[in-house]
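Please look over the model below. The report covers its helix packing, its overall form and two backbone outliers.

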Amino acid sequence: MVQFSRSGLQLLREALGRQLRLIPAVVVLGLASAALEGAGIGLIIPMLGIIAGNGDAGGLGGISAIFQQVGSGLDDGERLLAITAAVLVLITLKNVLAFANTVLTTFIYGKASHSVRSALSDQLLRIGYPFFMQQNPGRLLNIISNESWRASDAIQTVLAAIVNASAAVILLAFLLLLSWQMTLFVALGLILVQVAHAALSATLKGPSRSVTSFNSELAARMLHLVHAGRLIRVFGQEGREKAAFDAASDSVRRAGFVLQTRQGVLPPLTEVLHSALFLAVVVSAWFIGVSFPVIVAFVVLLYRLQPHMRALQMSWSQLQGWSGSLEEVRWLLDSSDKPKPPAGSEPVDGLRQRIEFDRVTFKYPGSGSRAVVLRSASFEIRSGCSTALIGRSGAGKTTIVNLLCRFVEPDEGRILIDGVPLDQIDPAQWRRQIAVASQDLELVDGTIVENITYGQTATIAEVERAAKLAEAHSFVEKLSQGYQTVVGYRGASLSAGQRQRIALARALVRDPEILILDEATNAVDGLSESAIIETLRMRAGRRTTIVISHHRSTISFCDDVVVLGSGRVKSQAPLAEVASLSMDQLYEHETVAERQI
Ligand SMILES: Nc1ncnc2c1ncn2[C@@H]1O[C@H](COP(=O)(O)OP(=O)(O)OP(=O)(O)O)[C@@H](O)[C@H]1O
């Protein structure tokens, strides 16, 4: 219960946000509609009195006597009709208010659910990037696609519980006014039922967490089937994957079965206990000599109270059953244990002189005992020049791009942009200076023109120009829909080389201050690559370019070369000075100065 209060209620309070101020209206409408219902039921007393030929029945006390006085000046026939009409009006009004409450709670539910989904997307866009390097995507997918809906259901359940609690309070008050002895009896009975119910509901939290965790595993397997379809077929692993998927799915089924059967015990048990209470009330009322019309009104009120009490108890058990889901959503929304997004407020407009890596040391967060990727790495990238970053696989080239884009931050040392530490610069402004074309950056499921512009306002002429520079225009033109061709999920309808050229056009259309090409042309044919290199050469002097490649031809236009190896910068030199060296020789090239560091 405490666990639920901490994470569940906090989440619900945050989700309700500004809608919290509407909750009093829900309570008032709930109370008012229950009061109208109670009054309508109270009017049964004089109605039964008239029908039983005992219209002026004396001996009634409290609220029963007040109901008994209704229409007392009229003759019996007129009084019966008037009371019947009054009951009908009360029932109609009660239902009008109940409908108004349904509209209000539906509105609040919609807003609160939207706020949960919006907060999740906000959080996913805001969290520091290292979070995604460490997290299981299946868990994240499960939270977004499954658990967030259960959080919405929990909001709806809480709203329904508020309405039911309001109705229960009023109906209990009417019962109290009719007979405090019988109400005391009922209250004690309800407390006992609630204790039994709460004890059983508490056993739902464990199964609820199991369902959530197995759902995450299943989501991971689903993602794998979607992403690795080609790999699975090529290596003939359909059978193994099917068995793994079925096992994950069956675990969800078994955990769901445990949770649902435990939850399933509660409604019949509650009904039996409520019925026992109901019957005990009737019998005890007869024993203590309560009058017939009051017993009938009491029983009808009790009968109307029961569904509200049952709904309240079921709401409680449902919330317990969703505690795992609420904890998961709350976990994702909690920023305290997540990597912070990059900070900084210094404005930046272009690169005037240089980017300087000053003794940068870096290791990926959560990579345990794995080696430090960069160890006191120092080098510079001159503004307006093209710099090749080379090194054997795993040398840390892409890591340098990650550091430059501030996806990760150095553990030690500084990165200086024209002398200003990068961690002091406004990250959004800084990223607007950069465009990256990389084999890892996906295409979006849209048209070619949407992929090239991607959030940038550009005319069709500018898009075509960028596509020509990236050697994409000629193949795009041949597609039946041209620039309006839909490329499919991650650009699946294009070849690898075509995807790379679109990605390059996307970077070029921005005409960025700093262009980063990370293995951006490795799937492009030689002829196209030569043309692309000519384009890049033309940028020289005007814009800064950083090129990562294992191909000598791709870096041929560069002014400088930085060689990485064993986590260190092995050498930095003008490319012209090492022009005679092959790629393999370059990888081993180590300047004396760097060797002594
Ligand atoms: N997200 C990560 N978490 C932990 N370690 C990582 C992560 N990404 C990369 N590494 C490790 O950091 C080191 C450098 O990786 P990086 O991708 O920078 O190499 P690279 O020089 O670009 O290699 P390649 O030429 O193969 O693309 C590698 O040892 C790699 O295993």
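Helix axes here are lines fitted to C-alpha atoms over the stretch in contact, and angles run from 0 to 180 degrees between N-to-C directions. Helices (H or I, at least four residues) and strands (E, at least two) are DSSP runs, numbered from the N terminus. This is a predicted model: local features need pLDDT of at least 70, side-chain atom pairs count only at pLDDT 80 or more, and totals for chains, interfaces and linings use all residues. Residues are numbered from 1 along each chain as its sequence is written.

**Helix packing**

Helix H7 spans residues 137-178 and helix H12 spans residues 292-321. Their axes come within 8 Å and cross at roughly 155 degrees. H7 is therefore roughly antiparallel to H12 (over 145 degrees; under 35 is roughly parallel, 65 to 115 roughly perpendicular, the rest oblique). The contact of H7 with H12 has 21 nonpolar, 5 polar and 1 charged residues. Ala, Val, Leu, Ile, Met, Phe, Trp, Tyr, Cys and Pro count as nonpolar, Asp, Glu, Lys and Arg as charged, and the others, Gly among them, as polar.

**Annotated segments**

The unreviewed UniProt entry annotates "transmembrane region" at residues 20-36, 79-100, 154-177, 184-204 and 276-303. Such annotations may be inferred rather than shown by experiment. Two of these stretches are tabulated here.

| Segment | Helix | Strand | Distance between end C-alpha atoms |
|---|---|---|---|
| Residues 79-100 | 100% | 0% | 31 Å |
| Residues 154-177 | 100% | 0% | 34 Å |

**Overall form**

The protein has 22 helices and 10 strands. Its radius of gyration is 36 Å, well over the 25 Å that the globule rule gives for 597 residues, so the protein is more spread out than a compact globule. That radius is taken over C-alpha atoms, and the rule is 2.2 Å times the number of residues to the power 0.38. Along the principal axes, the C-alpha atoms fill a box of roughly 120 × 50 × 50 Å. Of the 597 residues, 38% count as buried (20 or more other C-beta atoms within 10 Å; exposed is 12 or fewer, partly exposed in between, with C-beta atoms placed from the backbone).

**Two positive phi angles**

Glutamate 471 is not a glycine, yet its phi is positive, at about 60 degrees. Glutamate 471 sits in the loop between helix H17 (460-469) and helix H18 (473-478). It is buried, with 25 other C-beta atoms within 10 Å.

Serine 566, also not a glycine, has a positive phi of about 50 degrees. Its loop joins strand S9 (560-565) and strand S10 (568-574). Serine 566 counts as exposed, with 12 C-beta neighbours inside 10 Å.
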